[in-house]
Structures are given as C-alpha cells and as structure tokens.
Amino acid sequence: MSSASSSSSAPGSSAASTGKTSMLSKAFSKVDLDGHDLPPSPAPSSPHNGRKYALATELVYTESNDQYNASSVPIYQTATFKQTSGGGGGEYDYTRSGNPTRSHLERHLAKIMSANRALAVSSGMGALDVITRLLRPGDEVVTGDDLYGGTNRLLKYLATNGDITVHHVDTTNPDKVQEVLGPKTAMVLLETPTNPLIKIVDISTIASLAHAANPKALVAVDNTMLSPMLLNPLDIGADIVYESGTKYLSGHHDLMAGVIAVQDPAIGDKLFFTINASGCGLSPFDSWLLLRGIKTLGVRMEKQQSNAQRIAEFLESHGFKVRYPGLRSHPQYDLHWSMARGAGAVLSFETGDVQVSERIVESARLWGISVSFGCVNSLISMPCRMSHASIDAKTRAERQMPEDIIRLCVGIEDVDDLIDDLSRALVQAGAVNVTLNGFHALNAPGQTVGSS
Ligand SMILES: *Cc1c(COP(=O)(O)O)cnc(C)c1O
C-alpha cells in the first residue's frame, strides 16, 4: 500500500461509497466486495478438484446467473434499478456505482488477470487517472523514459498541478531506478516492452527494490502491450496492473476501455471509490463489447504474434535494424522470456532516413496508417509524428528516439500478403537496393546484415 492508503481522509472501503454495503454484509454472509450476492470475484470456473483450466479456456468460458440462462451476458442498458423497499436493498441501484454487465466483465477480467479484483473504466488513461489518485501531494513517482505519450502527459500534469515529483529514468536498468528510489517513493510505474523502442523492463527486480525502499510503495504495470494472454505482472511482484482495453483485450478498435486489477482488496476498494466518485465506470454497452472481444483474445494474439515473428525476421534478413523481443538479436531477449509467454505483435524498425520512412508508411496499402495497436487489422505508423508527437522533439532526442522509426502493429491477415505489401512499399519508397538476388536496406543504421 502507498503512503496514500494510510491517510485518514482516504476512502476506507466500498461500504463508504454506497452506504448500504455494511447493512447488506450483515444480511448475507457471502456478499462480494461490491456488496452483491453474486459469485465472488473472480468467479469460479475451474472445477474445485482436478484440473485448473488453462487461460485459453478461461477466456472463453463464463458463468452467469442470468434469469434466462442467456449464453451471451445481456446488456443492462439502464441507469437505475428499482428497489424493493424504501430503504433500498437491491443488488444494484445506479449504474455509475454498479451494473450487472460491468460486474460480469470485471469478474471475468479478475480471473484472466490473476487478480482478486478487477475494475473496468472508460479508457486506459481513465485507468491511470484512477490509479494516480492514490497519490498525495509530496509523493514521488518513478517511471520510464520511453512511456506511452498519454501517460507522459498525465504525469506531467500531476507534476505541474499536483505537487507530485516524477522521476523519468531508464527503467531497463534497475541501477538507474535504484538511484531515485527512497522513502518518498509512493509509486513505480512500469511499461514492458516499451513502445516504440521495445525496451524490456525487469518487473520483479524493480518491484523488490521499490518495496525495499518503501514497503508502502505501489508498483503499477501498464500491461497493454502484452495483455493477460502473455504476461501477468501481479504474479511477479506488481501491486497494480492496468491495461488499455482499447487494444488487444477488445481487439477490433470499436470501443475504448481501461481495466485495473489488484490482489489486495483494500487497494481495490480505494480504486472503486474513485471510480464511483468520479463516474468513469465502463458503460454497459462497452462492457458487453469488451467481454465479447476478450473471448477471442487467445486466437487473435496467437495469429498476430506468429505473423509479427515472420515479419520481424523478414525485415532483419533484409538488413534493417529491427526491435522485437521475438528476435534473438534483441539485447534483452532472455529477460523478456523470463517473464512473458510470448513476444507480442508490435515491432519497430529504422530506415536511417525520415523521408524514406514517411514514403514507406504512405506506400503501404494493407497496413493502415493509424495510431494505436491491438486491432485485427495491421497498422503502420511513425511514432515521432503520431502517437508520440506530444513529447517534444528535444525530449525525444534525449530519450534516443530515432525520428525515422516505423512501428508495425501486426494483425491477423495472411502473412504473405502483409510481407508482399511491405516489400512493395520498401521498393517504392526507395528504402532498399534492388538487385537480381533480391533487395537490401540502403542505409539502415547499425544494421546486422543477414543475421537470420
Ligand atoms: C493506448 C495505451 C494507453 C491508453 O489507453 P486508452 O484506452 O487509449 O486511453 C496506455 N498505455 C499504453 C501502453 C497504450 O498503448
């Protein structure tokens, strides 16, 4: 728990937020954390004795107590719920505080995120906003120097307006993290792999260092890049994991959502208090869409990952500097695989020339020019011009972000079609030297020729 959690003004529990939970707790012995007489969170699905279901099964399998046994959990598109008596008493009363579709999603998420409690909010940044409200003025945050642009912006806002000190260090080096850790460290915020530089962060080592510096420090991990399919940060020392549900969890770029998961129910209660107080809980319809997306996370991620591996090998074998943890050439290959079950489907490469990179991006047809990732469609972008444009050029240079870097977010299309389209774009953009024997990168920096 953070220093924030010991503050007397902090919300004590969800009971305070609904005012009726304590009453209900007396009436029912098996009420869950929200005061609902439903299966506990996470909802049980594996048989009590015998085999524990694998993640691929858990993603698909859900149990609900729907009155008609609907196979697809219904969308409770309602703001209010009628009560049985003047004193309330219903499981739900108001959708900002709780809605059956959202509760079902949250229980499902808790299971697959290896958590005791999961919470769904309106976006990934909304999730980080809720998490950072655990901080108090004077607190210190330690985080990376290759962060998601929106994360950078929110932390800058807190540093400017919230009297929070934010240390941006190279989190790929635990020694650098150690240098800024101390008793005032309230939160350590990590992303792995980082994006677009695809740097790997040693979650468990940094979590131990952080907890040694301040036992109340909270280690929060942004797991958007890998999803619960490939990594469960709560199992390796993190206190809080959050993800943008807009990406892999939903998978179709048709909704925005954020999810937060914790082991400690006391932290879960505080996060719930903020969600209820500020009103950022995920809407019933988006909860339903996200639940539907999660069911195919396994097959999507498998296909996206195998496509990404082929494409990374293709680019590397043609002389480009490629960053992808599925390649042996990745300097932190072993560290990545010591934590994760796969390499994910985001990679980046350099051409050595900003104009050439621009032409490649514009020449690709199958690859949509778009920020974001995690969609079934393949996407191409220049982070310095798009997703990371909110980080000023000087800071980008300090963080050694190559202006020519191209990010590929690989989808589920036929991989030969994707490679064919990319080859055509490389030739058209003049990025490669075409000979009778094929083609090779013209001026990629630090290239490792023919290493595959
Ligand atoms: C997209 C993203 C976010 C923010 O999520 P939104 O749903 O867009 O608010 C945070 N972290 C990472 C790594 C992301 O890719």
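**Salt bridges and a buried strand residue**

E358 is partly exposed, its relative accessible area being 23%. This value, like those that follow, was computed from a predicted model. The side chain of E358 meets that of R385 in a salt bridge, with an N to O distance of 2.1 Å. Because E358 lies in helix 14 (residues 354-363) and R385 in the loop between strand 11 (379-381) and helix 15 (393-398), the pair ties together parts that are 27 residues apart in sequence. R385 is likewise classed as partly exposed, at a relative accessible area of 43%.

A salt bridge is also formed between E350 and R323, for which the closest N and O atoms are 2.7 Å apart. Distant parts of the chain are linked by this pair: E350 belongs to strand 9 (residues 346-350) and R323 to strand 8 (residues 321-323), with their positions 27 residues apart in sequence. E350 has a relative accessible area of 5% and is therefore buried, since this value falls under 20%. For R323 the relative accessibility is 15%, so that this residue, too, falls under the 20% limit and counts as buried.

The side chains of D129 and R133 provide a further salt bridge, with 3.0 Å from N to O. Here D129 is partly exposed, with a relative accessible area of 25%. R133 is assigned to the partly exposed class at 44% relative accessibility. In general, side chains of opposite charge can pair when their charged atoms come close. In total, the structure holds 12 salt bridges. A network of salt bridges links D145, D170 and K199.

Attention is turned next to V241. This residue is placed in strand 6, which covers residues 240-244. The relative accessible area of V241 is 2%; this value lies under 20%, and V241 is therefore buried. When residues up to four places away in sequence are not counted, V241 touches M113, V221, N223, P233, L234, V259, I260 and A261. One of these contacts, V259, is separated from V241 by 18 residues in sequence. In space, the C-alpha to C-alpha distance between V241 and V259 is 8.3 Å.

Taken by exposure, the residues described above include the buried V241, the buried salt-bridge partners E350 and R323, and the partly exposed partners E358 and R385.

Technical notes
Residues numbered from 1 in each chain as written. Predicted model: local features only at pLDDT ≥ 70, side-chain atom pairs only at ≥ 80, totals over all residues. Heavy atoms only, no water. Helix = DSSP H or I, 4+ residues; strand = E, 2+ residues; numbered from the N terminus. Buried < 20%, exposed > 50% of the residue type's maximum accessible area, 1.4 Å probe, protein only. Contact = heavy atoms within 4.5 Å. Salt bridge = Lys/Arg side-chain N within 4 Å of Asp/Glu carboxyl O.
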